[in-house]
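Q: I am new to this structure and would like a close look at a single part of it. Please choose one place to begin, and take me through it slowly and in connected steps.

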Amino acid sequence: MDILEELWYGNITPTEYSRIENNAEYKEALNLVNKNQERLKATLNDEQNELLEKLLTSSEEFANLIELDCFKVGFKLGAKFTVEAYT
């Protein structure tokens, strides 16, 4: 099966190739985020915690949009390199 068929049938999922799991720097940063988030939540009342959760959810949605845009830009750049290589 060629690469386009693999993509079509859902056999290729770019987000599965996360660098976080195998990167100590990413893990350390994520642990720090989680630690600070838990420390902050412990100091907040229920209403403030609800607001924090909404902030975190909206921030994650925003980050996902940025990641998607970066993926598209990178894919297009790779395609341009391929076209240039054959011209």
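A: A good place to begin is Phe75, which counts as exposed because its relative accessible area is 55%, and the cut-off for that word is over 50%. Please keep in mind throughout that this is a predicted model, so that every value here is computed from predicted coordinates.

Phe75 belongs to helix 3, which covers residues 46–85, and the same helix also holds Phe71, four residues away, or about one turn of the helix. With a relative accessibility of 40%, Phe71 is classed as partly exposed, since that class lies between the limits of 20% and 50%. By the rule used here there is one aromatic pair, and it is formed by Phe71 and Phe75, whose ring centres lie 6.1 Å apart. A pair of aromatic rings is described by the distance of the centres and also by the angle of the planes. For Phe71 and Phe75 that angle is 40°, and the pair is called tilted, because stacked would require planes under 30 degrees apart and edge-to-face would require over 60.

Helix 3 also takes part in charged contacts. By the rule applied, the count of salt bridges comes to two. In one of them, the side chains of Glu50 and Lys54 meet at 3.6 Å, taken from N to O. Glu50 and Lys54 are four residues apart in helix 3, which means that about one helical turn separates them. Glu50 is partly exposed, with a relative accessible area of 49%, whereas Lys54, at 53%, is exposed.

The other salt bridge joins Lys41 to Glu53, with 3.0 Å between the closest N and O atoms. Here Lys41 lies in helix 2 and Glu53 in helix 3, so the pair ties together parts that are twelve residues apart in sequence. Lys41 is partly exposed at 26% relative accessibility, and Glu53 is likewise partly exposed, at 32%.

Following that link back to helix 2, which spans residues 24–43, one comes to Tyr26. Tyr26 has a relative accessibility of 35% and therefore counts as partly exposed. Together with Ile20, Leu30 and Val33, Tyr26 makes a nonpolar surface patch of about 340 Å².

Methods: Residues numbered from 1 in each chain as written. Predicted model: local features only at pLDDT ≥ 70, side-chain atom pairs only at ≥ 80, totals over all residues. Heavy atoms only, no water. Patch = residues over 30% accessible without salt bridge, like charges linked within 9 Å, V, L, I, M, F, W, Y side chains within 5 Å. Areas by Shrake-Rupley, 256 points an atom, 1.4 Å probe, with all protein chains shown as cover. Salt bridge = Lys/Arg side-chain N within 4 Å of Asp/Glu carboxyl O. Helix = DSSP H or I, 4+ residues; strand = E, 2+ residues; numbered from the N terminus. Buried < 20%, exposed > 50% of the residue type's maximum accessible area, 1.4 Å probe, protein only. Phe/Tyr/Trp six-rings, centres within 6.5 Å; stacked < 30°, edge-to-face > 60°.
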